[in-house]
Amino acid sequence: MQAVTTGLEGPSPSPSDSKQTAAASVAKPAAQAIMDKQTTTSDKPVVAATTTTTTKSKKSKQQTIHYPFWFGGSASSMAATVTHPLDLVKVRLQMRTGDAPKTMSGTVLHIIRHNGITGLYNGLSASLLRQITYSTTRFGIYEELKTRFTTKDHPASFPVLIAMATVSGVAGGLVGNVADVLNVRMQHDAALPPAQRRNYAHAIDGLARMTREEGFRSWFRGVWPNSARAAAMTASQLASYDVFKRILIRHTPLEDNLATHFSASFLAGVAAATVTSPIDVIKTRVMSASGKSSIGQVLGSLYAQEGVRWMFKGWVPSFLRLGPQTICTFIFLEGHRKMYKKVKGIEE
């Protein structure tokens with residue numbers, strides 16, 4: 001019985017066989033662990049490299065959005081067609097003499113009564129020429145500087161934005177000065193006595209007559225106060241818009257949408273009207289003069305007639321023009337940018 005049972009169970013393993021079996025069972029998990037470790041270790045650099053590559057591609061995508069140079073001029077021209085009557089009223093109030101209307105509503109009614117509804121668009125061609133030259137230059141240079149020296153993850157500080165905008169504004173003022181002279185003259189022309197009117201047919205006619213009658217130097221009449229105003233305007237308008245937009249997105253529930261664009265551009269319009277009002281009065285007086293009038297003479301005349309109040313003469317119509325003009329400009333500009341991203345297939 002004992003022999004049968006032993007036969008069925010088979011021969012008993014020797015001590016040496018047991019040791020080999022145990023060693024093999026221990027070695028197999030150890031080898032598997034080593035292979036798993038090597039596989040995991042070899043995978044880690046791939047994951048890290050993939051993450052780094054993705055991050056770099058995202059950053060490069062953010063840094064390579066170069067909007068066309070003309071976007072600012074296009075958006076400003078579109079805004080000018082909406083706000084030109086307000087600009088006309090502002091110039092008339094700044095140049096008011098004698099018994100001319102003292103209020104904005106009175107000035108509007110006076111223009112319509114004497115020149116009709118179309119009179120509110122006197123000088124529109126010069127205004128568009130100004131935006132094509134002045135605004136294209138200042139917006140284009142400002143956006144180019146922002147693209148070169150800032151990123152989405154590391155936006156420029158407010159002082160740096162002001163410096164960029166100031167340089168851009170001076171350049172825009174120099175390029176667009178002749179168009180600005182024409183704009184002021186054509187808007188103010190109807191308010192002059194018939195014998196003193198220049199009666200430019202349009203901006204090109206005015207440009208040719210200015211050159212023929214007053215010489216090439218007339219293109220640069222009032223260029224320094226105009227450049228100073230352009231610098232102040234660009235710094236207070238473009239730089240403040242970027243900062244207000246950044247603050248609204250970061251510290252309020254607002255996102256990068258129309259409500260944010262409207263709010264930021266409204267605040268930028270308030271800032272721009274306040275900063276540029278004194279310079280605007282001087283620029284208008286110098287450019288509208290036929291003879292040689294220095295800035296000092298204009299300042300002395302203004303202070304003698306009106307005291308320090310001259311600094312904010314026409315501030316309300318200036319804001320009523322700059323507010324809508326700034327809002328329209330930046331909304332049109334953001335629309336340009338959105339359409340550009342959509343056409344180019346760039347993610348928001």
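## Confidence, fold and an aromatic cluster

In the chain, confidence is lowest in helix α1 (residues 2–9), with a mean pLDDT of 43, and highest in helix α6 (residues 158–175), with a mean of 95. The model is a predicted one, and the average pLDDT of the chain is 80, with 79% of the residues scoring at least 70. Two stretches have a pLDDT below 50. Over residues 1–12 this is the case, and the stretch has 0 contacts in the model beyond near neighbours in sequence. Residues 37–63 also fall below 50, and that stretch has 6 contacts beyond near neighbours in sequence. Where pLDDT is low, the predicted coordinates should not be read in detail.

The chain contains 12 helices and 0 strands. Of its 348 residues, 40% count as buried. The accessible surface comes to about 19100 Å², and carbon and sulfur atoms account for 65% of that area. Among contacts between residues at least 6 apart in sequence, 78% join residues at least 24 apart.

The aromatic side chains offer a more local view. The count of aromatic pairs comes to 10. Two of the pairs are set out below, each of them edge-to-face because its planes are over 60 degrees apart.

| Ring pair | Distance between centres | Angle between planes |
|---|---|---|
| Trp70 and Phe71 | 4.9 Å | 80° |
| Phe71 and Tyr340 | 5.9 Å | 90° |

Phe71 appears in both rows of the table. Is Phe71 buried or exposed? Its relative accessibility is 7%, so Phe71 counts as buried, the cut-off being under 20%. Trp70, at 49% relative accessibility, counts as partly exposed, because this value lies between 20% and 50%.

Which parts of the chain does the pair of Phe71 and Tyr340 link? Phe71 belongs to helix α3 (residues 71–94), whereas Tyr340 belongs to helix α12 (residues 315–344). The two residues are 269 residues apart, and their pair thus links distant parts of the chain.

These rings form part of a wider group: ring pairs link Tyr67, Trp70, Phe71 and Tyr340 into a cluster. A charged residue also meets this cluster at Tyr67. The charged end of Arg337 sits over the ring of Tyr67, at 5.6 Å from the ring centre.

Definitions and conventions: Residues numbered from 1 in each chain as written. Heavy atoms only, no water. Phe/Tyr/Trp six-rings, centres within 6.5 Å; stacked < 30°, edge-to-face > 60°. Buried < 20%, exposed > 50% of the residue type's maximum accessible area, 1.4 Å probe, protein only. Helix = DSSP H or I, 4+ residues; strand = E, 2+ residues; numbered from the N terminus. Lys NZ or Arg CZ within 6 Å of the ring centre and 35° of its normal. Contact = heavy atoms within 4.5 Å. Areas by Shrake-Rupley, 256 points an atom, 1.4 Å probe, with all protein chains shown as cover. pLDDT = per-residue confidence, 0-100.
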